[in-house]
Amino acid sequence: MAKKAKKKTKSTGSGGRKLVIVESPTKAKTIRKFLPKDFIVEACIGHIRDLPASAKEIPAKYKKEKWASLGINVDKNFEPLYVVPSKKLKVVKELRDQLARADELILATDEDREGESISFHLVEVLKPDVPVKRMVFHEITRPAIAEALEAFRDIDQKLVEAQETRRILDRLVGYSLSPLIWKKIAYGLSAGRVQSVAVRFIAEREKARLRFKKGVYCGLVAELEKNSSSFEARLVRVKDKRVATGKDFDEQTGQIAEGKSVVLLQKEDAEAIQKRLEKEDWTVDELQEKPLTRKPSPPFITSSLQQEANRKLGLSAREAMRTAQSLYEKGLITYMRTDSVNLSQEAIQSARRQVEALYGKEYLSPEPRQFKGKAKGAQEAHEAIRPSADFLLPDETKLKGTEKSLYELIWKRTMATQMAESKQLSVSVTFRLADEFEFQASGTKIVFPGFIRAYVEGRDDVDAALEERESTLPDLKLKEKLKAKSLEVTEHETKPPARFTEASLVQTLEKEGVGRPSTYASIISTIMDRGYVRKAGNSLIPTFTGFAVNKLLEKHFPELVDSQFTASMEESLDAIAEGQEKPLKFLSDFFLDSKKGLRKQIAEQEKKIDPEEARSLKLEKFPKVDFRIGRFGPYFSFFDSETGEELRASIPEEIAPADLDQEMLDDLIQQKRDGPPSLGEDPDSGEKVYLMTGRYGAYLQLGIPEDPEQKPKRAMIPKTVDPKALALNEALGYLRLPRDLGKDPEGHQIKAGLGRFGPFVVKTGKDLEKPEYRSLKKEDSVLEVDLERAIALFKEPKGRGRRRSSPIKSLGEHPQVKKPIEVYEGPYGPYVKCGKWNASIPKEISPSEIPLEKAVELIDARRA
């Protein structure tokens with residue numbers, strides 16, 4: 001275990017040369033601006049030493065030790081073997097050279113456990129003979145650095161021990177279990193302490209989708225009108241019994257859940273009611289208005305930032321943290337690994353000044369608002385993620401692309417915390433027809449927007465968000481009679497449980513206490529890198545391999561995938577950071593306990609695990625089909641009655657376990673039995689064009705060579721194209737890619753092609769260091785895009801992130817703003833846009849039919 005870093009305290013006079021070490025060049029460049037000239041700032045580029053990553057990194061004198069490959073001498077108090085990787089030798093040499101000319105060493109790594117550990121290892125490797133000081137700050141600004149220079153401290157040994165214990169613990173689990181999984185399932189697979197729990201969450205959700213049985217129900221929707229303003233009313237009760245909706249169904253039976261007293265309408269029932277009510281009068285029988293108050297969400301912590309960046313910007317947890325790290329190192333935001341929702345008094349006052357300047361005094365909360373969080377342990381920094389002291393407006397930062405979008409998200413969220421509550425009015429109208437049918441219409445009116453002028457928190461459930469979107473009702477009075485424009489029967493099907501997104505998985509990990517804010521991004525990226533989970537759109541889907549590994553762990557090592565057990569280990573690590581628990585006892589109990597230690601469990605369970613059983617999977621949909629994990633991915637076996645042979649068919653990785661149906665299985669069997677279907681003949685070569693199915697899905701192949709060593713011409717099929725609807729000419733077009741489009745005015749050669757990330761155009765030339773790429777838009781076809789369109793794409797700025805779609809419709813110019821009003825389709829429904837103002841289109845108005853006058857009214861409400 002870590003020994004206290006020794007400091008030599010050679011006395012130096014004031015004004016000597018001081019070496020400051022930080023983790024990254026960007027951070028070094030920013031902090032350098034705020035330090036005196038006698039401070040030399042260098043970057044160590046992260047950790048400079050770690051446990052050996054491979055056998056070649058193990059020093060010669062340890063290679064024969066039994067524990068060397070593990071990198072931990074378990075029987076010698078879990079003593080770790082630390083090595084400096086070869087790629088860090090140059091960095092260490094440069095730091096030593098700088099230290100030789102310094103009179104003082106200042107360690108300015110991040111203020112969390114990881115940063116504390118980096119500082120500890122720097123002292124251990126560099127062995128300074130000058131005074132060593134630890135310097136911490138939560139934002140890189142002139143005031144924060146000046147304050148840190150007056151508050152040096154020692155390296156916090158408890159934080160170092162907590163981080164080292166986590167590293168050892170993860171190595172013990174990964175390096176002990178992975179060889180077992182190689183033997184029993186497939187080589188190259190592995191298990192991780194917290195990653196395995198995350199895979200279990202995702203696999204359990206997929207199992208729920210496999211068990212799901214669809215339910216069908218109907219309803220009635222009336223379109224009512226007053227003074228040319230229309231709105232919808234839905235049938236909610238029949239003879240005082242509530243009409244069934246999707247939430248009343250049992251997901252495993254497809255029937256109304258036990259204990260639910262509701263009326264289930266079939267199509268014929270709904271049509272009979274529709275006919276009966278055709279000539280009924282619609283009279284307002286009840287009118288309820290209820291004031292609502294909404295409060296702003298707390299400022300960002302690591303987990304909530306990752307969730308919102310995923311929902312609103314489409315960023316993965318890894319992308320969000322990488323971007324936030326860059327913003328922090330540029331001095332624009334506070335430290336981004338934190339579970340504290342606290343805001344400093346200076347930050348609160350800065351936010352309040354900006355709210356008043358931008359929106360007016362009436363938008364300020366009456367008193368400065370602070371929030372209380374539920375922080376677990378002492379791992380993280382002590383303030384929320386917010387703009388740094390300068391509190392720059394997004395346009396003042398000179399940022400672009402994703403960095404600007406994320407900064408704006410943080411800026412808006414922080415501003416909203418000091419804004420007034422949003423005042424709304426919920427209106428509910430009830431109509432009773434024929435003494436037994438009750439219809440309801442509801443709407444929400446914003447009385448005073450308050451904080452939502454700046455920020456509204458995103459939702460994972462898009463359907464729910466659409467339902468709750470602002471819907472306005474005309475002014476109505478009790479006993480008022482209305483005209484029904486239409487009365488329609490609606491048909492509905494229940495939906496399976498939604499798959500996890502990165503945002504909802506982070507939310508679950510946080511709720512269950514699995515991992516800590518600083519680890520969520522690496523957890524998600526690791527389970528995808530290992531091939532246990534893949535991403536389709538925004539959904540996280542377990543692979544068949546992930547299913548198999550999860551099954552083995554659940555059956556033979558249930559504690560390791562139990563969220564409560566994993567959460568208790570996180571609490572122990574927090575206790576170590578606080579000095580309340582000893583690392584050695586914790587590791588010994590976990591790994592060496594004579595009854596339930598991991599080493600003993602592995603020895604016992606290895607004998608019980610049958611490799612054939614471990615590689616097989618059963619899906620409830622197909623009780624008679626044996627799915628297996630092979631060397632080249634998942635497959636299933638079937639008996640061919642014509643040949644009497646057992647054949648195997650691969651399952652493309654793009655097929656999710658819960659999405660696999662009988663038609664897909666039949667297609668895979670047909671292709672394996674009869675060979676791939678031919679789309680026709682290539683007139684140039686005379687070879688047939690085959691539609692093949694492989695591990696990664698459908699692809700095209702020209703001919704089938706007799707020599708297995710000969711590689712035939714192959715081509716990908718765009719994900720937006722249905723392989724079954726593919727015509728010969730289109731297939732030949734993909735096989736002939738890349739297409740030469742010609743040269744741009746500067747003489748660069750431009751081609752169109754299809755790659756791993758979709759269709760693209762690429763530009764090459766002698767004056768370019770490397771080829772320049774642009775992805776094609778949804779409306780572009782790689783087979784039809786021309787030179788003019790390609791040149792236009794290259795003129796657009798390169799970058800990732802969500803782009804606004806093309807407008808559905810242009811309505812005309814706003815009479816006051818003098819800018820066009822356009823209709824868009826957004827993730828939460830249609831809206832109108834005029835300059836910087838957006839406004840949701842009420843549900844009762846069709847986006848394609850909204851008149852200019854109504855759009856102006858909606859925009860003006862937002863402007864007000």
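Asparagine 227 sits out in the open: with a relative accessibility of 66%, over the 50% cut-off, this residue counts as exposed. In this predicted model, asparagine 227 belongs to the loop that links strand 7 (216–226) with strand 8 (229–238). Its phi is positive, near 50 degrees, even though the residue is not a glycine. Lysine 127 tells a similar story. Here phi is about 45 degrees, again a positive value in a residue other than glycine, and the residue lies in the loop between helix 3 and strand 6 (132–134). Lysine 127 is exposed as well, at 64% relative accessibility.

Helix 3 itself covers residues 113–126 and carries glutamate 116. Is glutamate 116 buried or exposed? Its relative accessibility is 0%, so glutamate 116 counts as buried. The side chain does have a polar partner: a contact of 3.0 Å links the side chains of glutamate 116 and arginine 134. Setting aside neighbours within four places in sequence, the residues in contact with glutamate 116 include Thr109, Asp110, Arg153 and Asp154, along with Arg134. Also on that list are Ile155, Asp156, Leu159 and Val160.

Turning to the C-terminal part of the numbering, four strands make up an open sheet in the order 17-18-19-20, with antiparallel pairing. Strand 17 (616–619) and strand 20 (645–650) are the edges, each pairing on one side only. On average, neighbouring strands in this sheet are turned by 35 degrees against each other, with direction ignored. Helix 15 (residues 544–556) packs on the sheet and touches strand 17, strand 18 (622–630) and strand 19, its direction making about 100 degrees with that of strand 17. Helix 20 (residues 662–674), for its part, lies across strand 18, strand 19 and strand 20, and runs at about 75 degrees to strand 19.

The pairings within the sheet can be followed residue by residue. Strand 17 and strand 18 form a hairpin, with two residues between them, and are held in antiparallel register by three bridges. Within this pair, leucine 619 stands opposite phenylalanine 622 of strand 18. Further along, strand 19 (residues 633–640) and strand 20 run antiparallel and are joined by six bridges. Phenylalanine 639 faces glutamate 646 of strand 20 there.

A cis peptide bond turns up between leucine 737 and proline 738, with omega at about 5 degrees. Proline 738 is placed in the loop between helix 21 (728–735) and strand 25 (739–743).

As for cysteines, how many disulfides does the structure hold? The count is zero. Cysteine 44 is buried, its relative accessible area being 0%, and cysteine 218 also counts as buried, at 3% relative accessibility.

Finally, a word on confidence. The protein chain has a mean pLDDT of 89, and 94% of its residues reach 70 or more. Two of the weaker stretches deserve a mention. Over residues 6–14, pLDDT stays under 50, and the model has 15 contacts beyond four places in sequence for this segment. Residues 377–381 also stay under 50, with 22 such contacts beyond four places in sequence. Where pLDDT is low, the predicted coordinates should not be read in detail.

Terms used. Residues are numbered from 1 along each chain as its sequence is written. This is a predicted model: local features need pLDDT of at least 70, side-chain atom pairs count only at pLDDT 80 or more; totals for chains, interfaces and linings use all residues. Side-chain values use heavy atoms; hydrogens and water are left out. A disulfide is a pair of cysteine sulfur atoms within 2.5 Å. Buried means under 20% relative accessible area, exposed over 50%, partly exposed in between (1.4 Å probe, protein chains only). pLDDT is the predictor's confidence in each residue, from 0 to 100. Contact means heavy atoms within 4.5 Å. Two strands pair if DSSP finds at least two bridges between them. Axes are lines fitted to C-alpha atoms, for helices over the stretch in contact, and angles run from 0 to 180 degrees between N-to-C directions. A polar contact is a pair of N or O atoms within 3.5 Å; within protein, one must be able to donate a hydrogen and the other to accept it, and residues adjacent in sequence count only if both atoms are side-chain atoms.
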